[in-house]
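This report describes selected sites of one molecular model. Please read it alongside the sequence and the 3D structure.

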Amino acid sequence: MTAGSESGITPENRLTGAYLIVALIALFGGVVTGLFQGMNYGGHDVYPALQPVIKSYYHGLSIHGVLNVLVWTTFFICGFLQFITARALGAPLAVRALGWPVFWLMTGGLILAAIPLVLNEATVLFTFYPPLQAHWAFYIGLTLVVAGTWLVMVNLAMSVGVWKRGHPGQRTPLPAFMSLVTFVMWTMASLGIAAEMLFMMIPWSLGLIPGTNPLMARTLFWFSGHPIVYFWLLPVYVSWYTIIPRQAGGRLFSDPMARASFLLFLLLSTPVGFHHQFTDPGIGEDWKFFHAFLTFGVFFPSLLTFFNVVSSLESGARAHGGKGYFAWFLKLPWGNPSLAAQVFAMLLFCFGGIGGLINASAAMNLSVHNTAWIVGHFHLTVGAAVTLSFMGITYWLVPVLSGRRLWSRGLALAQAWLWFGGMIVFSNTLHRLGTMGMPRRTMMSAVPYMQPEWKALLPLVGIGGAILFLSAMLYFLNLAMTAWASPASAEERLEFAEAASGPEDAPAFMDRLVPWVAASAVLIVLAYAPTIYRLATETPFNIQAFRVW
Ligand code: HAS
Ligand code: CU
């Protein structure tokens, strides 16, 4: 499957470029505030000097979390998957008229949310647990961003529908299928956070209802808060399945197996949120067990991915003369920064995934919950598997969008190696600190209970963070120079990988999403309805707002 090779500034490319610019601005803000976090951990309290702008550690942490995990990811994904879908279908998206209005809806929402965030009126961290209360504009702004993602889903669904009518009996091209499944999964999953915003946070922050219910809010938050991590991960899998095998010089091992993995994510991503609430009182142990059980279920599509992607990489490496059980790995085209960054991301994700299983095991969760271990876990997942892969993707995407060659391959390779190395130091140290009981979300430079063994390790967090910051700066430099100073090139193109098996081997029932959506809805209702009903009818909604900053 080879898509058109048009590069340069076409209307579609411009829209994707606009999403990318917002995403990159957010990432920039996220890594700068990340450096401050790392320095604070490393023993330098930088916040007094930052007072005119960043009022406190917690203000900086809120900005860092929101920009990186909510904005960088969401805007990148909306731009990337609309682009991928149009290219895979070989046609512009069905409702072209939706493109820019949705972008502006999301960007307007983002600006609305960013104002109180920057002004220290939304220092509630990215989970915004009540009774902490932010300014209403923060909640309304984020709700508009979510509403925008639903409209992107509508556009993708209609585009695939149009394609299917024109190609009866054929399987939806894999990249378009995966993009659609990602957005359909997220749309169902985001109903929890939408309900939290519309019925609880927005009216409460506007003073329309007298109080709130922290446990209900946390439950609705994690209803969406777990699957959002797969909303970030699945676009990465789109790249690992449909683009990386070709970059490696091989073929995707199995197209039907890739589809099966995405359908399992559609089915299992949402009914697992209680694994973030093992320590919350007021949720039955039986329901926590059920969610933990399903969490081990949603582990399997990642195992399928591991097998499929490793096998595809191996086919490429062997085609380049790779030999042996493991030595083939060295024959991957390591000089390609897009591939190198994403293979590093895969390697780090192996450890992030194993850590996830430890988190999901209720008994072990008790010793890691709310410790620095969790911070280590999510920097390996969203900060490495996702972010480093997105960086690798931009190394071909920005040249395609701008019609210019990547400014410096060498710099891009150095950047990928630095992120890989910096993240190993950074996240390994945080995992260790977590097992030593160091809490997360805590201004370590100020705690009266600092332990000597934490103090000995904390500088490594600062060093890892500084390496990550340096890597990010090289990344921004390279992209800026590509957009503004690199020579034009007509050769920049996106080519999807062929599959050794499929797509015609994929059974037709895998291409019809409605039954899968229905099954997923049933599972979600089973996993959540009894608890949400009980919380709604038996627990109080009169808790007062609490401001700690
Ligand atoms: Fe997680 C907490 C469990 C995946 C993100 N997670 C978090 C938080 C974030 C996050 C942000 O059960 C903190 C939220 C907060 O602020 O409180 N997580 C899991 C499990 C998985 C998992 C079971 N998490 C992710 C992903 C994330 C992410 C993905 C972001 C993108 N997580 C938890 C739990 C908690 C949690 C609990 C709550 C903890 C607490 O107490 O608060 C699984 O999906 C992981 C499955 C993945 C694998 C890896 C497969 C490897 C692959 C790479 C292929 C490699 C290749 C190269 C091809 C099993 C696919 C290798 C080449 C060779 C030659 C070897
Ligand atoms: Cu989770």
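The sections below cover the basis of the model, the ligand sites and one pocket.

## Basis

The model is predicted, so local features need pLDDT of at least 70 and side-chain atom pairs count only at pLDDT 80 or more, while totals for chains, interfaces and linings use all residues. Residues are numbered from 1 along each chain as its sequence is written, chains are lettered from A and ligands numbered from 1 in the order in which they are written, and side-chain values use heavy atoms, with hydrogens and water left out.

## Surroundings of ligand 1

There are 34 residues around ligand 1, and Y230, N365, H369, H377 and R440 come nearest; a residue is near a molecule if one of its heavy atoms lies within 4 Å of it. By class, this shell holds 22 nonpolar, 11 polar and one charged residues. Here Ala, Val, Leu, Ile, Met, Phe, Trp, Tyr, Cys and Pro count as nonpolar, Asp, Glu, Lys and Arg as charged, and the others, Gly among them, as polar.

Polar contacts are pairs of N or O atoms within 3.5 Å. In the side chain of Y230, an N or O atom is 2.6 Å from an oxygen atom of ligand 1. For H369, a side-chain N or O atom is also 2.6 Å from an oxygen atom of ligand 1, and for N365 a polar side-chain atom lies 2.8 Å from a ligand oxygen. Two or more residues of the shell come from each of α9 (227–242), α13 (300–319), α14 (337–360) and α16 (372–402). Of these, α14 gives the most, with eight residues. Helices are DSSP runs (H or I, at least four residues), numbered from the N terminus.

## Copper site

The copper ion (ligand 2) has as protein donors H226 (ND1), H275 (NE2) and H276 (NE2), at 1.9 to 2.0 Å. Donors are N, O and S atoms within 2.8 Å of the metal (3.2 Å for Na, K and Ca), and water is not among the atoms, so sites may look incomplete. Along the chain the donors follow the spacing H-x48-H-H. The copper ion is 4.5 Å from the iron atom of ligand 1.

H275 counts as buried because its relative accessibility is 11%, whereas H276, at 23%, is partly exposed. Buried means under 20% relative accessible area, exposed over 50%, and partly exposed in between (1.4 Å probe, protein chains only).

## Second largest pocket

The second largest pocket has a volume of about 560 Å³. Of its 19 lining residues, G17, I21, L24, V398 and A483 are the closest to the centre. A pocket is an open set of points on a 1 Å grid over the protein atoms alone, where a 1.4 Å probe fits, with protein on both sides within 12 Å along at least five of seven lines; lining residues have an atom within 4 Å of a point.

The elements giving two or more residues to this lining are α1 (11–41), α16 and α18 (452–485). The largest share, nine residues, comes from α1.

Terms used. Polar contact = N/O pair within 3.5 Å; in protein donor to acceptor, adjacent residues only side chain to side chain. Points joined across faces, edges and corners; volume = space filled by probe spheres on them.
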